[in-house]
Amino acid sequence: YGKKKGKRLFIIFNDEIRIKEERRIKLTEVLKNSLEKREFYIVYQPIVELNTGKIFSIEALLRMKNEEIGEVSPAEFIPVLEETGMIKDVGYWVIKEVAKDIKEFQQKNVNINASINVDIQQLLDKDFVKTVKSIIEETGISPRNLKFEITESEAMKFPELTISVLKELSSMGLQISIDDFGTGYSSLSYLKMMPVSYIKIDRSFVSNIPSSREDNILVMTIVNLAKSFGFKTIAEGVEEKIQLLFLQEIGCDYVQGYFFSRPVSKQEILVMLKESKKFQA
Ligand code: C2E
Ligand code: MG
Ligand code: MG
Ligand code: MG
């Protein structure tokens, strides 16, 4: 080990990569069986109408727990599902589960619509629209009970193709949200053509208001842009009252975040909906 500091660092660096790589390989192996072993489950987070404090919608968020490796976060397993193409099967499972939950809620006299995150690979799958249609028919819910969220950066990957699929979905009566808005690179000319109802302002901007002047301006600009295009706005990741006041001030329509509720189980969200829970807003 002569001039060895550099070399040692290199070894440590290699170790880190190796450990990450091993974790990834393990996770890939585990995920292959996760559907069959019922390791996926769904939690729901309320989306609140800012002016009334009423629950306007709920977002379905995927979770995964394996007995050997424990609970894994979507930030870790979603990229693996995307890279391996497993996201399609898992994505259809999510849509079916959510449709069944909505139906069950309806049978308990609660009518609500739910937002589902859809990966671009899945949206552009040739059977996507057909499959969604059959899930809706089989469960006996209305297309109005489902909303799809697609991230801004993914929507802009193949904008023309994406617009054509979104048009089919919206003509069926489903509503579309653009998720994580502000983090991608939207072409405004494409954005204007998107048959979209909601723009979700990314948490990274919301978390800095009102202390960051730049993010205040950014959030305000997004709200105004959305308004002029005829889209409603949803602010993600609201954690503090002061953020809420700012969002109210600038005319944001809906809010979502830990300030109101973390994502909760189906049973817990049903209780909130049954009680017609009103949040402080
Ligand atoms: P997203 O769709 O932007 O979802 C919002 C994320 O922010 C969720 O993380 C939610 O738990 C979290 N969140 C909500 N309020 C707050 C808050 O006040 N503070 C903080 N710090 N976080 C908050 P989650 O559940 O870990 O999901 C991460 C991402 O994984 C999602 O981002 C979405 O892109 C993806 N994802 C989740 N479920 C699915 C799914 O079923 N299909 C696909 N394709 N992607 C999914
Ligand atoms: Mg989302
Ligand atoms: Mg988001
Ligand atoms: Mg996201």
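Trainee: By class, how many nonpolar, polar and charged residues does the shell around ligand 1 have?

Mentor: Keep in mind that this is a predicted model. There are 22 residues around ligand 1, and Arg63, Asn117, Asp179, Glu239 and Tyr258 come nearest. Split by class, the shell has nine nonpolar, four polar and nine charged residues.

Trainee: Okay, and which element gives the most to that shell?

Mentor: Start with the elements that each supply at least two shell residues: β2 (55-66), α2 (74-84), α3 (87-107) and β6 (175-181). With four residues, the top contributor is β2.

Trainee: How much of the accessible area of ligand 1 does the protein cover?

Mentor: Look at the polar contacts before the area. The side chain of Arg63 puts an N or O atom 2.8 Å from an oxygen of ligand 1, and a backbone N or O atom of Tyr258 is also 2.8 Å from a ligand oxygen. Gln45 has a side-chain N or O atom 3.1 Å from a nitrogen of ligand 1. On its own the ligand has 800 Å² of accessible area, and the share covered by protein is 82%.

Trainee: Now the metals: which residue bridges the magnesium ion (ligand 2) and the magnesium ion (ligand 3)?

Mentor: Ligand 2 takes its protein donors from Glu59 (OE), Asn117 (OD1), Glu149 (OE) and Asp179 (OD), at 2.0 to 2.2 Å. Two of these link distant parts of the chain, with Glu149 in strand β5 (residues 146-151) and Asp179 in strand β6, 30 residues apart. The two magnesium ions lie 4.2 Å apart, and the residue bridging them is Asp179.

Terms used:
Residues numbered from 1 in each chain as written. Chains lettered and ligands numbered in written order. Predicted model: local features only at pLDDT ≥ 70, side-chain atom pairs only at ≥ 80, totals over all residues. Heavy atoms only, no water. Near = heavy atom within 4 Å. Polar contact = N/O pair within 3.5 Å; in protein donor to acceptor, adjacent residues only side chain to side chain. Areas by Shrake-Rupley, 256 points an atom, 1.4 Å probe, with all protein chains shown as cover. Nonpolar A, V, L, I, M, F, W, Y, C, P; charged D, E, K, R; others polar. Donors = N, O, S within 2.8 Å, 3.2 Å for Na, K, Ca; no water.
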